[in-house]
Amino acid sequence: MGAPVRAWTLAEWALLPLRLFLGATFAFAGLQKLANPNFFNAQSPSSIQAQLIASVRLSPIHSILSHFVQFAKPLGILISLSELAIGIGALLGLWTRAAALGGALLSLGLFLTVSFHASPFYTGADIVFLFAWMPLIVAGGGSRLSLDAVIAKRAARELGAPSPEVVTVPFAKVQEICGHFNHGKCGARRGQPCDQSVCPVLIGDRPPLATRVAIDTIDRRTLVLGTATAATVGTSALILGAVAAEAGRLIGGAPTPKKSTTQLGSTGTTVPSTGTTSPPSNSPVPKGTTKGIILGPAKDVPKGQAATFTIPNSGDPGIVVQPTAGQFLAYDAVCPHAGCTVSYYAPNNVFVCPCHGSQFQVVNGDVMNGPAPTGLKKLNVVEGADGNLYLQ
Ligand code: FES
């Protein structure tokens with residue numbers, strides 16, 4: 001019959017771009033993770049392990065999250081495959097409500113872990129995805145470009161029932177064909193004025209038992225056909241995921257070098273002031289005159305590598321790096337975007353945030369790539385003549 005007039009204003013048409021966008025985005029995100037060997041490589045700053053560890057500190061569900069760190073790899077595989085399944089389900093309009101519910105739950109989980117502290121809050125994508133799935137949970141996938149609709153029609157056809165497709169009929173047309181309509185009065189409402197919202201022709205009485213049984217039979221048949229289709233599509237998605245993972249390993253699988261960050265054993269010892277002026281940063285200090293808090297031996301931060309420590313005053317994680325011989329640069333490692341902990345990526349000589357990929361310059365902590373709105377907070381760390389690093 002073709003599309004009705006102004007079809008684009010109807011919910012099922014209007015929601016189509018959103019469904020296709022969400023489907024394509026989630027399917028792409030799942031494939032991208034599966035095809036990226038570094039996502040599962042604990043040594044990589046962009047791995048699922050790094051993301052979990054970076055998120056644990058500030059996540060409102062940190063007590064739950066901390067238990068998952070040891071299962072980071074299987075969790076990463078589960079998230080990737082779920083994204084792929086949700087994306088394909090939404091794209092095809094197959095089990096759309098289930099896919100939308102899965103998408104919303106996944107977005108909620110990511111919001112509570114990696115973007116809860118995004119500031120301002122609307123810069124975190126997960127909260128937007130969470131609410132973008134809502135209309136599809138409520139309204140389903142509609143009957144356009146949707147396997148659910150095709151399956152429902154086929155089930156009805158096989159059982160000899162009318163097509164279950166929902167169509168809009170202008171009320172003027174209802175008046176024209178309605179046997180109850182009598183000059184603005186409704187025979188089915190005992191002569192009361194017609195009321196579009198409770199029109200007995202549109203809503204009908206409670207269907208007879210035979211009709212209700214037929215509807216149940218169609219629904220059962222729809223479920224069986226939908227399950228078979230979902231199983232076929234799910235198997236294809238698994239094969240697609242495996243192919244993507246293998247292709248990722250073969251094409252872009254240059255292994256990330258071992259992580260060059262160690263934990264400085266902070267003694268927390270405050271060296272009392274001797275009354276001398278602190279020397280400028282990055283220069284050796286005569287023994288006994290260094291002020292500050294001992295972080296640990298400078299030799300634990302070899303050239304081209306970094307070490308982490310806890311900043312005593314704030315409890316924040318800190319990071320110190322020795323980019324060139326004898327030069328120690330330290331920063332508060334909390335990413336200004338959503339509070340994840342950045343790490344040092346030696347091959348590119350940058351700090352990388354595992355949560356949303358912000359990158360920062362080592363030389364001054366400035367943002368190179370967002371979404372972090374500002375750079376890292378610089379700390380003053382010097383090497384004392386006793387071979388220790390001091391936080392001043
Ligand atoms: S927390 Fe989002 S980029 Fe760092």
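The legends below describe close-up views of a predicted model.

**View 1. Surroundings of Ala50 in helix α3.** Helix α3 spans residues 48-56 and includes Ala50, which counts as buried because 26 other C-beta atoms lie within 10 Å, where the threshold for that class is 20 or more. Leaving aside residues up to four places away in sequence, Ala50 touches Ser44 and Pro45 as well as Ser343 and Pro354. Cys340 is separated from Ala50 by 290 residues in sequence, yet the C-alpha to C-alpha distance between Ala50 and Cys340 is 9.7 Å.

**View 2. The two faces of strand β16.** Strand β16, made up of residues 388-391, is covered on both faces. Asn388 and Tyr390 lie on one side of strand β16, Leu389 and Leu391 lie on the other, and all four of these residues are buried.

**View 3. Pairing of strand β16 with strands β6 and β15.** Strand β6, which covers residues 292-297, pairs with β16 in the antiparallel sense through four bridges, while strand β15, which covers residues 381-383, is also antiparallel to β16 and is joined to β16 by three bridges. Tyr390 of β16 is the bridge partner of Ile294, and Tyr390 is likewise the bridge partner of Val382.

**View 4. The hairpin of β15 and β16.** Four residues lie between strands β15 and β16 in this hairpin, in which Gly387 adopts a positive phi near 85°. The strand that follows, β16, begins with Asn388, a residue that is buried.

Note on methods
Residues numbered from 1 in each chain as written. Predicted model: local features only at pLDDT ≥ 70, side-chain atom pairs only at ≥ 80, totals over all residues. Buried ≥ 20, exposed ≤ 12 C-beta atoms within 10 Å, placed from the backbone. Contact = placed C-beta atoms within 7 Å. Pairing = 2+ DSSP bridges.
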